[in-house]
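Reader: I would like to learn how to read a model of this kind, feature by feature. Could you take me through one, giving the general idea before the particular case?

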Amino acid sequence: EHFVVQTNSREANKRITMVESLAGIETRHRKELKSLEGSKRADIKKLKSTKGKKGKEALATLEQDYIAKEQILKEKHANEILQFSTDVPISENIPSTNPQVS
């Protein structure tokens, strides 16, 4: 099965269509989560040089920001999987012209 993603480029006002399989979607989701985790680790490492109360407050704020970002990303991923799983091929939407006679 394939999933069609359409995006609109505002500058060029073009539609880009990309066909992606469920395995491809799941792989992309894992990569996006891993990238977010890497960014989080890098930002935490930068903050470790800040000492005292300001450092602790900044770290707590950073943690909350990344929790929110991760939640948003997971919701986006869930919506993409839902859209993929409910995507019905056109041929299945066409009613049969030969009714079954029993």
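Author: Let us begin with spacing along a helix, bearing in mind throughout that this is a predicted model. Because K76 and E80 are four residues apart in helix α2, about one helical turn separates them. Their side chains form a salt bridge, in which the closest N and O atoms are 4.0 Å apart.

Reader: How exposed or buried are the two partners, beginning with K76 and then E80?

Author: The two residues fall into separate classes, and the cut-off matters here, since buried means under 20% relative accessible area. K76 has a relative accessible area of 37% and is partly exposed, whereas E80, at 14% relative accessibility, counts as buried.

Reader: Which residues are linked with K76 and E80 in a network of salt bridges?

Author: A charged residue may take part in a network as well as in a pair, and that is the case here: R28, E32, K76 and E80 are linked through salt bridges. In the whole structure there are seven salt bridges.

Reader: Where do K74 and E70 lie, and how many residues apart are they?

Author: Both K74 and E70 belong to helix α2, where they are four residues apart, about one turn of the helix. The salt bridge between K74 and E70 brings their closest N and O atoms to 3.1 Å. K74 counts as partly exposed at 41% relative accessibility, and E70 counts as partly exposed at 27%.

Reader: What does E70 touch, if residues up to four places away in sequence are not counted?

Author: With those neighbours left out, E70 touches L33 and L36. To read such a contact, set the separation along the chain beside the separation in space: E70 and L33 are 37 residues apart in sequence, and their C-alpha atoms are 7.5 Å apart.

Reader: Which helix holds both K46 and D43, and how many residues apart are they?

Author: K46 and D43 are both in helix α1, three residues apart, which is again about one turn of the helix. Their side chains meet in a salt bridge with an N to O distance of 4.0 Å. K46 counts as exposed, at 61% relative accessibility, while D43 is partly exposed, with a relative accessible area of 24%.

Reader: I should now like to place these helices in the fold; how many helices and strands are there in the protein chain?

Author: The protein chain has three helices and two strands, and reading along the sequence gives the pattern β-β-α-α-α. To see how the chain comes together, one can ask how far apart in sequence the contacting residues are. Among contacts with a separation of 6 or more, 48% are between residues 24 or more positions apart.

Reader: Which residues make up the largest nonpolar core?

Author: That core has six residues, namely L36, I44, L47, L62, Y66 and L73. The elements that give two or more residues to this core are α1, spanning 22-47, and α2, spanning 52-86. I44 illustrates the contacts of a core residue: apart from residues up to four places away in sequence, I44 touches L59, L62 and E63. Over the whole protein chain of 102 residues, buried residues make up 14%.

Reader: Y66 carries a ring, so what sits over the ring of Y66?

Author: The charged end of K69 sits over that ring, 4.7 Å from its centre. Pairs of rings are a separate matter, and the structure holds zero aromatic pairs. Y66 is also in contact with K40, which touches E63 as well, once neighbours within four places in sequence are left aside. K40 lies in helix α1 and counts as partly exposed, at 24% relative accessibility. The C-alpha atoms of K40 and D65 are separated by 9.5 Å, although the two residues are 25 residues apart along the chain.

Reader: As a last case, is H77 buried or exposed?

Author: H77, which is placed in helix α2, is buried, with a relative accessible area of 6%. Not counting residues up to four places away in sequence, H77 touches H29, E32 and L33. One of these, E32, also belongs to the network of salt bridges with R28, K76 and E80.

Definitions and conventions: Residues are numbered from 1 along each chain as its sequence is written. This is a predicted model: local features need pLDDT of at least 70, side-chain atom pairs count only at pLDDT 80 or more; totals for chains, interfaces and linings use all residues. Side-chain values use heavy atoms; hydrogens and water are left out. Buried means under 20% relative accessible area, exposed over 50%, partly exposed in between (1.4 Å probe, protein chains only). Contact means heavy atoms within 4.5 Å. A nonpolar core is a set of buried Ala, Val, Leu, Ile, Met, Phe, Trp, Tyr and Cys residues joined through side-chain atoms within 4.5 Å. Rings of Phe, Tyr and Trp (its six-membered ring) pair if their centres lie within 6.5 Å; planes under 30 degrees apart count as stacked, over 60 as edge-to-face and the rest as tilted. A charge sits over a ring if NZ of Lys or CZ of Arg is within 6 Å of the ring centre and within 35 degrees of the ring normal.
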